[in-house]
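Please load the model in a viewer and keep the sequence panel open. The tour below proceeds by selection, one stop after another.

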Amino acid sequence: GGMMGGSGGSFDILPISVDPSRRARIDRIPEGIGGTMPDLDIRGASRRDIALQSGMGGMFRRRRNQHSINGNSFEMDRLNFSVQRGATEIWAIDGQNMAHPFHVHGVRFQVLSENDGPVSSRNSGWKDTVLVNRRAEIAIRFDQPAPASTPFMFHCHILEHEDGGMMGQFSVV
Ligand SMILES: [Cu+2]
């Protein structure tokens, strides 16, 4: 196929040929630009449940403490948990029947499942944000350090949700 453009007729500007036999996931980086990037090894990974919660009174109201994660609305002085540097964890994210673009700072991750099923091709690569459409499991390896004084954040990327408290902080030590 090709893309068409111009008002005075149509012409090919970019031929695109998709090879459906190729995998969408990048699972290896050529040696010339730095080498391998295998899938995360999730054997023995601990599991963490992340519930993204919207309170009563309207899901899109921008009000403090309207939204939360695991029952906690964001507090600047709260460290929600600490992760061991170098560890790999599986986060089971529950969007509670609403779609939330979930973002984690300081890491890249792989999506393991969506709604207990296989991962869509658009989510098969390395991610720092994933649209959790009800539920998703992600695997994260925590390579970047973050002391408790300057922790990383994890949050929904809907502005009304994160401003309303759907955000937390974790250290990597
Ligand atoms: Cu949200």
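Begin by selecting W91, which is buried at a relative accessible area of 0%; buried means under 20% relative accessible area, exposed over 50% and partly exposed in between, with a 1.4 Å probe and protein chains only. The model is a predicted one, in which local features need pLDDT of at least 70 and side-chain atom pairs count only at pLDDT 80 or more, while totals for chains, interfaces and linings use all residues. Residues are numbered from 1 along each chain as its sequence is written, and side-chain values use heavy atoms, with hydrogens and water left out.

**The aromatic cluster**

Keep W91 selected and add F170, which also counts as buried, at 0% relative accessibility. F142 and F170 form an edge-to-face aromatic pair, 5.6 Å centre to centre with 80° between the planes. Rings of Phe, Tyr and Trp (its six-membered ring) pair if their centres lie within 6.5 Å; planes under 30 degrees apart count as stacked, over 60 as edge-to-face and the rest as tilted. This pair links distant parts of the chain, with F142 in the loop between β8 and β9 and F170 in strand β10, 28 residues apart. Helices (H or I, at least four residues) and strands (E, at least two) are DSSP runs numbered from the N terminus. F142 is buried, as is F170.

By the ring rule the count comes to 11 aromatic pairs. Another of them joins W91 to F170, again edge-to-face, at 5.8 Å centre to centre and 80° between the planes. Because W91 lies in strand β6 and F170 in strand β10, the pair ties together parts that are 79 residues apart in sequence. To see the whole cluster, select F81, W91, F102, F142, F152, F154 and F170.

**The nonpolar core**

Which residues of the largest nonpolar core touch the most other members? Select I50, W91, F102, I138, F154 and F170, which do so among its 26 residues. The elements giving two or more residues to this core are β3 (46-54), β5 (81-83), β6 (88-104), β7 (109-114), β8 (129-141), β9 (152-156) and β10 (167-172). β8 supplies the largest share, five residues. Such a core is a set of buried Ala, Val, Leu, Ile, Met, Phe, Trp, Tyr and Cys residues joined through side-chain atoms within 4.5 Å.

Next, centre the view on F102 and display its surroundings. Neighbours within four places in sequence aside, F102 is in contact (heavy atoms within 4.5 Å) with I50, L52, W91, I93, F109, D128, T129, V130, V132, I138, F154 and H155.

**Strand pairing**

Switch to a cartoon view. The protein has one helix and 10 strands, and from the N terminus the elements run β-β-β-β-β-β-β-β-β-α-β. Two strands pair if DSSP finds at least two bridges between them.

Select β6 and β8, which pair in the antiparallel sense over 12 bridges. On β8, V132 stands opposite H100. Add β7, which is joined to β8 by five bridges and runs antiparallel to it; here F109 stands opposite I140 in β8.

Move on to β9, where four of the five residues are buried. Three bridges join β9 to β6 in an antiparallel arrangement, and F154 in β9 is the bridge partner of V104. β9 is also joined to β10, antiparallel, by four bridges, with H155 opposite M167 in β10.

**The copper site**

Select the copper ion. Its protein donors are H100 (ND1), C156 (SG) and H161 (ND1), lying 2.0 to 2.1 Å from the ion. Donors are N, O and S atoms within 2.8 Å of the metal (3.2 Å for Na, K and Ca); water is not among the atoms, so sites may look incomplete. The donor residues are spaced H-x55-C-x4-H in sequence. Since H100 lies in strand β6 and H161 in helix α1 (residues 159-163), the pair ties together parts that are 61 residues apart in sequence. Both H100 and H161 are buried.

**Two positive phi angles**

Most residues other than glycine have a negative phi. For two exceptions, select N97 and R134. N97, in strand β6, has a positive phi near 65° and is exposed, with a relative accessible area of 70%. R134, in strand β8, has a positive phi near 90° and is partly exposed at 40%.
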